[in-house]
Amino acid sequence: MPTSRRWAVHLLVVVGALVMLYPLFWLISSSFKPSDEIFTDPGLVPQTVVGDNYATGWTALGVPFSGFFANSFIIAAAAVVGNVMSCSLAAYAFARLSFRFKKLWFAIMLMSIMLPIHVLIVPQYTLFKYLGWVDTFLPLIVPKFLAVDGFFIFLMVQFIRSLPRELDDAARIDGCGPFLVYWRIILPLSRPALITTAIFTFIWTWDDFFSQLVYLSDVSTYTVPLALRAFLDSSGGSSWGPMLAMAVLSLIPILGFFLIFQRRITEGISTTGLKG
């Protein structure tokens, strides 16, 4: 590729990146603006720098924002553990074990991926209401331990199918049963897929708003997305400055998590085979 064309491609990529990152820059800039200047001044450089938005937003809802961060971390961490454990077990069963109607159950699992959450939310809410779990973390955590995320099961099934079956046979010769084969052979070798599952589960759970809005109503149980939404009507008005300041803080765990494990995400996806 000629040098001039290469520079043109790089310039185009840089311009595209700046366009994509503009909302993030605007968010950070607006978090330091007075509320009456946020939508009247479209520039990225604040005319008046206000640092009180962060202090005000931290306690604006009557509960320190650290409590909302803690709630989100508890739910996200439990969801990660649940998905990694349950989805890997289900994937191992589909990829390695033989049982009746295996293909049928696998097809049903794939069909569950196509169902939007809005179709399931009413019967799920009815069940959790009957169990007395509404307004607790249980509806957001317990299903993760029951392998309800078909996407991650499918991801792991495809990865496990790419592993040589000779390893399983060697382990069985040494006296390992199905569970020991899973624990000592499949699980360690599936680390890229497990890490990918953990990363996406954490990000999707942290950013989840709809499910948390349905099941959580007490302010003490609010997560970060619900707390940000509460700024819009916490005092009969819109506290845009403090809300945007807390929105900036809410991005830090996600950005940090992504930057730390970015290489693992690419490795997990690229090494996940597509063998039937």
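Here is a short tour of the cavity and the aromatic contacts in this structure. The model is a predicted one, so please read every value below as computed from predicted coordinates. A search of the whole structure finds one cavity of 30 Å³ or more, and that search also turns up 24 aromatic pairs. Two of those pairs, an aromatic cluster and an arginine over a ring are picked out below.

**The cavity**

- The largest cavity holds about 30 Å³ of space.
- Its lining is made up of Ser88, Met156, Ile160, Tyr182, Ile186, Leu187, Ser190 and Leu194.
- Two elements give two or more residues to this lining: helix H7 (150-161) and helix H9 (178-189).
- H9 supplies the largest share, with three residues.
- Sorted by class, the lining has six nonpolar and two polar residues, and no charged ones.

**A stacked pair: Phe128 and Trp133**

- The rings of Phe128 and Trp133 sit 5.7 Å apart, centre to centre, with 15 degrees between their planes, and the pair is stacked.
- Phe128 has a relative accessibility of 7%, so this residue counts as buried.
- Its partner Trp133 is partly exposed, at a relative accessible area of 21%.

**A tilted pair: Phe152 and Trp204**

- Here the ring centres of Phe152 and Trp204 are 5.4 Å apart and the planes meet at 35 degrees, so this pair is tilted.
- Phe152 belongs to helix H7 and Trp204 to helix H10 (residues 191-207), so the contact ties together parts that lie 52 residues apart in sequence.
- Phe152 is buried, since its relative accessible area is 2%, and buried means under 20%.
- Trp204, by contrast, has a relative accessibility of 45% and counts as partly exposed.
- Helix H7 is worth a second look in the viewer, as the helix that carries Phe152 and also one of the two that give two or more residues to the cavity lining.

**An aromatic cluster**

- Eight names to select together are Trp58, Phe65, Phe68, Phe69, Phe73, Phe202, Trp206 and Phe231, which form one aromatic cluster.

**A charge over a ring**

- Which residue lies over the face of Phe106? That residue is Arg161, at 5.1 Å from the ring centre.

Terms used:
Residues are numbered from 1 along each chain as its sequence is written. This is a predicted model: local features need pLDDT of at least 70, side-chain atom pairs count only at pLDDT 80 or more; totals for chains, interfaces and linings use all residues. Side-chain values use heavy atoms; hydrogens and water are left out. On a 1 Å grid over the protein atoms alone, a cavity is a set of points where a 1.4 Å probe fits but cannot get out, and a pocket is an open set with protein on both sides within 12 Å along at least five of seven lines; lining residues have an atom within 4 Å of a point. Grid points are joined across faces, edges and corners, and a volume is the space filled by probe spheres set on the points. Helices (H or I, at least four residues) and strands (E, at least two) are DSSP runs, numbered from the N terminus. Ala, Val, Leu, Ile, Met, Phe, Trp, Tyr, Cys and Pro count as nonpolar, Asp, Glu, Lys and Arg as charged, and the others, Gly among them, as polar. Rings of Phe, Tyr and Trp (its six-membered ring) pair if their centres lie within 6.5 Å; planes under 30 degrees apart count as stacked, over 60 as edge-to-face and the rest as tilted. Buried means under 20% relative accessible area, exposed over 50%, partly exposed in between (1.4 Å probe, protein chains only). A charge sits over a ring if NZ of Lys or CZ of Arg is within 6 Å of the ring centre and within 35 degrees of the ring normal.
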